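Q: Please take a close look at one helix of this protein and at the space beside it. I should like a connected account that moves from a single residue to its surroundings.

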Amino acid sequence: MAVSPTAPLRRWNDAGMHRTQGFTSWLKTHAKDQSAIGDLARDVAADPDWPSRRQLSGQREYLEERGAIPAAVEALERAWELYEARQEG
């Protein structure tokens, strides 16, 4: 299953205003996907040290420091692209 381009990113806060879902939370919603992004989402969900508050560069660095395979880094970059596209749309 591919990452759904229609997955919701915006949620309502208590004041009835939109707030944007963070990248890590968004990524975890794809944990059931049978794709590289789904694999990454499952790994992130299981990693208590995942740097969820860091941006792409910090998360890429985290993966590289831990010896992630290039495909995992590519999945992270692709997931960020999809996440940002949903933010803009």
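A: **Helix α2 and its surroundings**

D43 is found in helix α2. The model is a predicted one, and every value below is computed from it. Is D43 buried or exposed? The relative accessibility of D43 is 54%, and a residue counts as exposed over 50%, so D43 is classed as exposed. Along the sequence D43 and A72 are 29 residues apart, while their C-alpha atoms lie 9.8 Å from each other in space.

The setting of this helix is the next point. The protein has four helices and two strands, and from the N terminus these elements follow the order β-β-α-α-α-α. Of its 89 residues, 31% count as buried. Among contacts with a separation of 6 or more, 44% join residues 24 or more positions apart.

Which residues of α2 are buried? They are I37, G38, L40, A41 and V44. Viewed down the axis of α2, these buried residues fall within an arc of 160°, so they line one face of the helix. D43 and A46 are exposed on the other side of α2. The buried residues of α2 are covered by elements that include α1, α3 and α4.

One buried residue of α2, I37, leads to another helix. A79 is found in helix α4, and the C-alpha atoms of A79 and I37 are separated by 6.4 Å, although the two residues are 42 apart along the chain. The relative accessibility of A79 is 0%; the limit for a buried residue is under 20%, so A79 counts as buried. Apart from its neighbours within four places in sequence, A79 is in contact with F23, W26, L27 and I37.

Some of these names return in the nonpolar core. The largest nonpolar core has 17 residues, and those with the most contacts inside it are F23, W26, L27, L40 and L76. The elements that contribute two or more residues to this core are α1, α2, α3 and α4. Its largest share, seven residues, comes from α4. As a general background, nonpolar side chains tend to be buried together in soluble globular proteins.

Helix α3 may be read in the same way as α2. The buried residues of α3 are G58, Q59, Y62 and L63. Seen down the axis of α3, they fall within an arc of 140°, so these residues line one face of the helix. On the other side of α3, S57 and E65 are exposed. The buried residues of α3 pack against α1, α2 and α4. Just after α3, G67 takes a positive phi of about 75°.

The account now turns to the empty space beside these helices. Rolling a probe the size of a water molecule over the atoms shows where empty space is left. The largest pocket has a volume of about 210 Å³. Which of its 15 lining residues are closest to its centre? They are D39, L40, D43, L63 and A72. D43 and A72, the pair whose C-alpha atoms are 9.8 Å apart, are thus both included here. At least two lining residues come from each of α2 (36-46), α3 (56-65) and α4 (70-88). With five residues, α2 gives the most to this lining. The lining divides into 11 nonpolar residues, no polar ones and four charged ones.

The second largest pocket holds about 160 Å³ of space. Its lining consists of G22, F23, T24, S25, S52, R53, R54, Q55, W80 and Y83. Here α1 (23-28) and α4 each supply at least two residues, and the largest share, three residues, comes from α1. This lining is made up of three nonpolar, five polar and two charged residues. F23, one of these lining residues, is also among the residues with the most contacts inside the largest nonpolar core.

To return to the helix in question, α2 has a buried face and, on the other side, the exposed residues D43 and A46. L40 is one of its buried residues and is among those closest to the centre of the largest pocket.

Note on methods:
Residues are numbered from 1 along each chain as its sequence is written. This is a predicted model: local features need pLDDT of at least 70, side-chain atom pairs count only at pLDDT 80 or more; totals for chains, interfaces and linings use all residues. Side-chain values use heavy atoms; hydrogens and water are left out. On a 1 Å grid over the protein atoms alone, a cavity is a set of points where a 1.4 Å probe fits but cannot get out, and a pocket is an open set with protein on both sides within 12 Å along at least five of seven lines; lining residues have an atom within 4 Å of a point. Grid points are joined across faces, edges and corners, and a volume is the space filled by probe spheres set on the points. Ala, Val, Leu, Ile, Met, Phe, Trp, Tyr, Cys and Pro count as nonpolar, Asp, Glu, Lys and Arg as charged, and the others, Gly among them, as polar. Buried means under 20% relative accessible area, exposed over 50%, partly exposed in between (1.4 Å probe, protein chains only). The arc is that of the directions from the helix axis to the C-beta atoms. Contact means heavy atoms within 4.5 Å. A nonpolar core is a set of buried Ala, Val, Leu, Ile, Met, Phe, Trp, Tyr and Cys residues joined through side-chain atoms within 4.5 Å.
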